[in-house]
Structure formats: structure tokens, C-alpha cells
Amino acid sequence: MEQRYIKDSKVSLLGMGCMRLPRIEGTNEIDLKKTEEMIAVALESKITYFDTAYPYHEGKSEIVIGNILKKYPRDSFYLADKLPIWNCKSLEDVKRIFQEQLEKCCVDYFDFYLCHALNLERFRLYKEFNVFPYLLELKRQGKIRHLGFSFHDAAQNIEIILKELDWDFAQIQFNYLDYEMQDAKKQYELITKYNVSVVVMEPVRGGMLADVCAPAAKLFKTKRPEASYASWALRYVANFPNVKVVLSGMSSMEQLKDNISTFTMYEPLSKEEEEIISKAKQLILGNDFIPCTGCKYCMPCPFGVDIPGIFKAYNLYGIHKDIMRFKKEMESIGRIDCKVCGKCIKECPQKIQIPHKIKKIKEMLL
């Protein structure tokens, strides 16, 4: 397993994101047996970085991951968790949530702790509640080993956050589509300028880059017929030297083993492969897709609209142009009843004009 350093910690280049753990079929419940089997294989394969958060799986991800990892030596893994400032009204709430997270995760300290989903509005809450001094005190006490933040805002705003503290790492959405489309290039360059390590989230863009359009697929298969499309996306971001961890939200053993094979005896991209990705990107962008990663920050919708599910079905249609499959998937999702309240737009990290897109999809189904 390829390994890199964040400060003095030697971490696996492949990290296990715990936002999309396997579910019991037909439910939203985490499949504990499959999750435990996956974590056992991950640790055997020298994956050492596990990333959870307070809201993942409706608050159950921390509990599940904590109960599984406590069976292993504490020095055999690194655990990352995140502070949801939007759930806080004061510094006392921050303190309460941090202690709750330690208990849920069955640990005495976090190896990596993040200010979750920072944008300028949330950054101001950290300042208003005087949270940064508290987090630095936790770091001094050893309850936080490395302090960082995940970022969901316009690229030009990241420098304001970078200037605030001597951060150890920053987590950004980075993949070969968002390098330019979401200006991940600028974010990466600014983080690197401040000598802060990069942790990558959404390298496969919520699964979109694991199932590409036919012309792009043909390009990839011509060069590496046995390689998955996801492996191309993972190797793309790993090619950047300041990327220290690539998080993958794996929800099956098949995905886990494929990703492990990508980062075991890891091969950097050749110049020819970089050109192939560049050509494939243009082919993919030629489809009328919606840049949704399935993060679910827009959920729950006050009117019961399954926004990520609708966009996933639409994007699959954009890739495969199978209208019957699209209509069938939309029937299983159910009624589209957007009231244009605007709540989802405010929460969307991608700044998607969600009501407009849903209206367009609804018109397609008439």
C-alpha cells in the first residue's frame, strides 16, 4: 500500500471514507457484518486512514466505526472526525459535541480532526464562538493530533481560512472533472503554497467517474483493458505530490478490493495516460450532466423530494441515453414535488440550481 506523510504521521494513500457504508438491502440501516468484513480487509491491506463525521448515516457512522475499530490496536489506524458547526449555537455546544464524538468513536483522541464543510459563513461562526482557541487547546492536550478543515466554497475564499491557523491538512473535492469545473486547481495550489497537506474527497465524484460514457470508456479500455474506470480517477488525483490521502467512500467489498489493487504497487500516470484522461474528460463533459456528488447536504427536503436520487438517475441517463431505464428509476423514486423553497440551494456545496434542474427533469417525464 502506497504511503505518504502528513506532518509526522505516515498514512495510507488510500483512505476509507465512511459516508457510504454498505446498507441492508431495502433500508437505510448500515450492514454491520459487511462493514466489519470490509474494515478487516482494509486493515489487512494496510489502509490506515478512516474518515467519519457527525452527520454521516444519520449520526450512526461514528458509532459503527468506533465499535469496529476498538477491536484493533489503537496505533494500527488513524481516525478522522469532523465538527459540525451548523449544529452549534455556542462554544458550549462545540465542547459537548466533541466529547460526544470521542465517546461514540470509542477513542481518547482523534488523529485528524476537521472543521467540517467550511465556507465563509461557517468560518465566521468559528470566529464568533471563539472555537479556534478551543481546538488549539485540544491539540495541545493531545486530544487532537492533527487539525484541519474540509472546504465547500468558492476557490478564492480558501485563502482567508488558510491564513487563520497553522493548519496541518485541508480536505477538498478533487477529481479530473472538478480540477477546472470547481477550480480544485486553485484550491490545491493555495493549500500547497501554505505548506498544508491535501486530503482528497470525491475523487470519483460520488461514483460518476466509475461509470463513464461509452466513448470515454473506450479510451480507457484501449490503454488498460483490465483497469476499472474508478482506478483512473484515483490515480489522477494521487499523481499530485501534495495529495497525501485519497478518500474513497466504498460501499462494497468489490469496490474496496479494486481500490486496494490501485494503490498496491501504485503506478503514477504516464504522460500518455494524462492525455487519455484529458480527452475522456472532454467526452464526459459533452453530456448534459448535473454536478451532484450525492453528498446529501441538501437533505432532507421539506417536501420529501429525493434530490440526490433524482440527479443520480438523470446523470445515468446522460451517460447511457437509456430513456426507458431512466423512467423506470424515476418511477421507483416517486413523486417530484419541488416547491422552490430554496433551502437546498443554500446547502449545496456544488451551488447547483436544484429547483431549476428538477423542473427540467419533471418536464422530460411528461
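This passage describes the overall build of a predicted protein model and then looks at a few of its residues.

The protein chain is made of 16 helices along with 10 strands. Its radius of gyration is 20 Å, close to the 21 Å that the globule rule gives for 366 residues, so the chain is as compact as a globular protein of that length. Taken along the principal axes, the box filled by the C-alpha atoms is roughly 60 × 50 × 45 Å. Of the 366 residues in the protein chain, 55% are buried. The contacts also reach across the sequence: among those between residues at least 6 apart, 75% join residues at least 24 apart.

Turning to the surface, the accessible area of the protein chain comes to about 16,700 Å². Carbon and sulfur atoms account for 52% of that area. The chain carries 54 positive and 49 negative charges, and the mean positions of these two sets are 3 Å apart.

Strand β3, which spans residues 14-17, offers a convenient place to begin a closer look. In a regular strand, side chains alternate between the two faces of the sheet. In β3, L14 and M16 lie on one side, while G15 and G17 lie on the other. These four residues are all buried, and both faces of the strand are thus covered. β3 also has two pairing partners to follow in the structure. With strand β10 (residues 243-248), β3 pairs in the parallel sense over three bridges, and here G15 stands opposite L247 of β10. With strand β4 (residues 49-51), the pairing is again parallel and again runs over three bridges. In this case M16 is the residue of interest, standing opposite F50 in β4.

A second point of interest is I307, a residue of helix α13 (residues 307-320). Its relative accessibility is 3%, and the cut-off for a buried residue is under 20%, so I307 counts as buried. Leaving aside residues up to four places away in sequence, I307 touches C298, M299, C301, C344, I354 and I358. For a sense of distance, I307 and L209 are 98 residues apart in sequence, and their C-alpha atoms are 19 Å apart in space.

One of the contacts of I307, M299, leads to a notable backbone feature. The peptide bond from M299 to P300 is cis, with omega near 0 degrees. P300 itself sits in the loop that runs between α12 (271-285) and α13.

Two glutamates complete the tour of the backbone. Phi of E58 is near 55 degrees, a positive value in a residue other than glycine, and E202 likewise has a positive phi near 55 degrees. Each is found in a loop: E58 lies between β4 and α2 (61-69), whereas E202 lies between β9 (197-201) and α9 (214-223). Are these glutamates buried or exposed? E58 has a relative accessible area of 56%, and because exposed means over 50%, E58 is exposed. E202, at 10% relative accessibility, falls under the 20% cut-off and therefore counts as buried.

Methods:
Residues numbered from 1 in each chain as written. Predicted model: local features only at pLDDT ≥ 70, side-chain atom pairs only at ≥ 80, totals over all residues. Heavy atoms only, no water. Rg over C-alpha atoms; globule rule 2.2 N^0.38 Å. Buried < 20%, exposed > 50% of the residue type's maximum accessible area, 1.4 Å probe, protein only. Contact = heavy atoms within 4.5 Å. Areas by Shrake-Rupley, 256 points an atom, 1.4 Å probe, with all protein chains shown as cover. Lys, Arg positive; Asp, Glu negative; His and termini not counted. Charge placed at Lys NZ, Arg CZ, Asp CG, Glu CD. Pairing = 2+ DSSP bridges.
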